[in-house]
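Take a look at the chain shown here. We will walk through one of its sheets, then turn to its cysteines.

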Amino acid sequence: QVQLVESGGGLVQAGGSLRLSCAASGRTFSIYRMGWFRQVPGKERQFVARISWSDGSTYDADSVKGRFTISRDNAKNMVYLQMNMLKPEDTAVYYCAADTVVTGIGTYAYWGQGTQVTVSS
């Protein structure tokens, strides 16, 4: 199994920045890629960004392109989400998730507990 713990959420004014961190532990050798998702109560979970664990290639949702950057530090088993130019519509609980070769690529079988990001206008 893989355990994930997010941190770094908080309250920020529109236009500000936050950096979220996700610490992975356990069977990290099985990780294929890591993703960030977000969810607002009453709405479906939304994909934000993902990063390949091996080569670091990334893919971002259109809604965050040019504002958010996902990165990783394999040596520390950490994934980050740098969020700049935040907007009130970015307010959500942010989750990191792990996609592993064992549980099936694309399934994101492992999830953290989430961290709240609130952007005030």
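How many residues lie between β7 and β8 in their hairpin, and which residue in the turn has a positive phi? This is a predicted model, and the answers below are computed from it. Four residues separate the two strands of the hairpin. The residue with the positive phi is Asn77, at about 55°.

Follow the hairpin into its strands. β7 covers residues 68–73, and β8 covers residues 78–83. They run antiparallel, joined by six bridges. Two facing pairs help to set the register. Phe68 stands opposite Met83 in β8. Ser71 stands opposite Tyr80, again in β8.

Now step across β8 to its other partner. β3 spans residues 18–26. Six bridges join β3 to β8, and this pairing is antiparallel too. Here Leu20 stands opposite Leu81 in β8. How enclosed is β8 itself? Five of its six residues are buried, so β8 is largely enclosed by the rest of the structure.

Put the strands together. The sheet is open and has four strands, in the order β1-β3-β8-β7. Its pairing is antiparallel. The edges belong to β1 (2–7) and β7 (68–73). Each edge strand has a single partner, so one side of each is left without a neighbour in the sheet. Neighbouring strands in this sheet are turned against each other by 15° on average, with direction ignored.

Next, the cysteines. A disulfide is a covalent bond between the sulfur atoms of two cysteines. The structure holds one disulfide. Which residues does the disulfide join? The partners are Cys22 and Cys96, with an S to S distance of 2.0 Å. Cys22 lies in β3 and Cys96 lies in strand β9 (residues 92–100), so the bond ties together parts that are 74 residues apart in sequence. One end of the link is therefore in β3, a strand of the sheet described above.

What is the handedness of the disulfide? The torsion about the S-S bond of Cys22 and Cys96 is about 50°, so the disulfide is right-handed.

Are these two cysteines buried or exposed? The cut-off for buried is under 20% relative accessible area. Cys22 has 0% relative accessibility, so Cys22 counts as buried. Cys96 is also at 0%, and is therefore buried.

Key
Residues are numbered from 1 along each chain as its sequence is written. This is a predicted model: local features need pLDDT of at least 70, side-chain atom pairs count only at pLDDT 80 or more; totals for chains, interfaces and linings use all residues. Side-chain values use heavy atoms; hydrogens and water are left out. A disulfide is a pair of cysteine sulfur atoms within 2.5 Å. Buried means under 20% relative accessible area, exposed over 50%, partly exposed in between (1.4 Å probe, protein chains only). Two strands pair if DSSP finds at least two bridges between them. Axes are lines fitted to C-alpha atoms, for helices over the stretch in contact, and angles run from 0 to 180 degrees between N-to-C directions.
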